[in-house]
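Open the model in your viewer and show it as a cartoon. The tour goes from a sheet to a helix, one selection at a time.

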Amino acid sequence: MINLYIMICNFSQSRSMVVMFTLLYTSFNLHSQSYYYPSNGNWDTKTPSEMGWCEERVDSLNDFLERRNSKAFIIVHKGKIVLEEYYGTFTADSLWYWASAGKSLMGFLVGVAQQDGLLDIDDAVSDYLGNGWTSCTGSQELQIKIRHQISMTTGLQDQIKPTTEIPDPSNCLKPECLQYETAPGTQWAYHNAPYRLTQDVLEKVSGLSSTLYTFNTLRDLDFRGAWVNYVFFSKPREMAKFGLLALSNGTWNGKAILRDTAYFRAMTHSSQSINPAYGYLWWLNGQKSYRLPGLDIDFNGSMVPEAPADMYAALGKNDQKIYVVPSEDLVVVRMGNSAIDKQFALSSFDRQLWQYINALECPTAIDDLASTLQTTVYPNPCMQSSQLHVRTSKPVSLQVLSLQGSLLFESETAATIHTIPTDGWAKGSYLLQTNSMEVYQRQLLTIY
């Protein structure tokens, strides 16, 4: 369903016509962005059947979500609600906390404050909070910029042991809790306290509470909610509205809310090289590696391999989720209690949920035929000058084509395991073609 499509072709079919169809499909899929925007409390809908989804598979997804302690779940396609489900006593008018998914909202608001000249993310935090907001030396403190706060690279210690006086040091904003560990920009650590102080900076420069600044900034969305002790609370549809705003690159119904396109791009791309899966308070899929809160370990590959590589997400404790998928024009929202294991941001629930989402499409005769040949490609996306590995359930020959139809690679023999070098390939999308006697498949590859 996502960034992958399989075409079953008769071998007598013209290859040029297949390439032409592929180009037309790819162009339409990536560039069709005519969105609907809700207003005056009205939100247009489309049915799952219009998406080609099977009723029994939607029911299976809902059963899964209910079993996993969900309270609300929404899927929006091109601005229209396709699925909207509430569980137990929770309703569309119920309020729930975003947890750390609210960080992404704050990241957006910081960008608006910068475009309006209220702050500059390259300014020292001390310019706004004054000297002595940490226990660092004066010179050490001056090195910490707002940019470091929103990329989780302040260099302040994030593993201070709790004491009777300070039971929750990760959220403690006192100077004695904000201790120097390393130079800013040289360490990534998911540290709540420096992030929370970003809200203090925003309130100081705007002269408004975080809640009022949010309301004023997102007035065109009719966006309602409140910040309580640095955590945002709202109804489920507000999450979906914010996801649609992000999907629209910071515009709403033709009006640019975040006009600073450079900031928006930086926000939704790697903010540093230590954890490439983190932008400015947004999580990024499809990177070469990622880190998790509290762990100084690199995990190779995408953080949610089942989800589209271009997905970026607002992720909060106990599985509060806003997934934004530009290539599919999708926004997915989940509110609730912890689904599986109590984790900050990412959890195993993300991967399971996307397996259910990917399975929503109704199977066809073509799908049944394609299932006779199982193909696994890894890593995909793949780095330049690296290697792609392809494993298939039966021996096949392989070809890799550019989207213009140029042949870049062709296997010499049929096999179940292939290694494809990507030396000299430009960044972009390519087509992997697998041939066997029964089936002919094409799969989209991405080189970055």
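Two strands count as paired if DSSP finds at least two bridges between them. Helices (H or I, at least four residues) and strands (E, at least two) are DSSP runs, numbered from the N terminus. Residues are numbered from 1 along each chain as its sequence is written. This is a predicted model, where local features need pLDDT of at least 70, side-chain atom pairs count only at pLDDT 80 or more, and totals for chains, interfaces and linings use all residues; side-chain values use heavy atoms and leave out hydrogens and water.

Select residues 70–77, strand β1, which six bridges join to the antiparallel β2. Colour I74: its bridge partner in β2 is E84.

Now add helix α2, residues 55–67, which packs on the sheet and touches β1, β2 and β13 (330–336). Contact means heavy atoms within 4.5 Å.

Show the whole open sheet: six strands in the order β2-β1-β13-β12-β11-β8, with antiparallel pairing. At the edges stand β2 (80–86) and β8 (283–284); each has a single partner strand, so one side of each lacks a neighbour in the sheet.

Next, select residues 192–206, helix α7. Is α7 largely enclosed or open? Of its 15 residues, 11 are buried, so α7 is largely enclosed by the rest of the structure. Buried means under 20% relative accessible area (1.4 Å probe, protein chains only). Among the buried residues are Y195, L197 and L202. To see what they pack against, show α3 (101–115) and α8 (210–217), two of the elements involved.

Finish at G207, just after α7, with a positive phi of about 70°.

Notes: The expected span of a helix is 1.5 Å times one less than its number of residues. Buried means under 20% relative accessible area, exposed over 50%, partly exposed in between (1.4 Å probe, protein chains only). Axes are lines fitted to C-alpha atoms, for helices over the stretch in contact, and angles run from 0 to 180 degrees between N-to-C directions.
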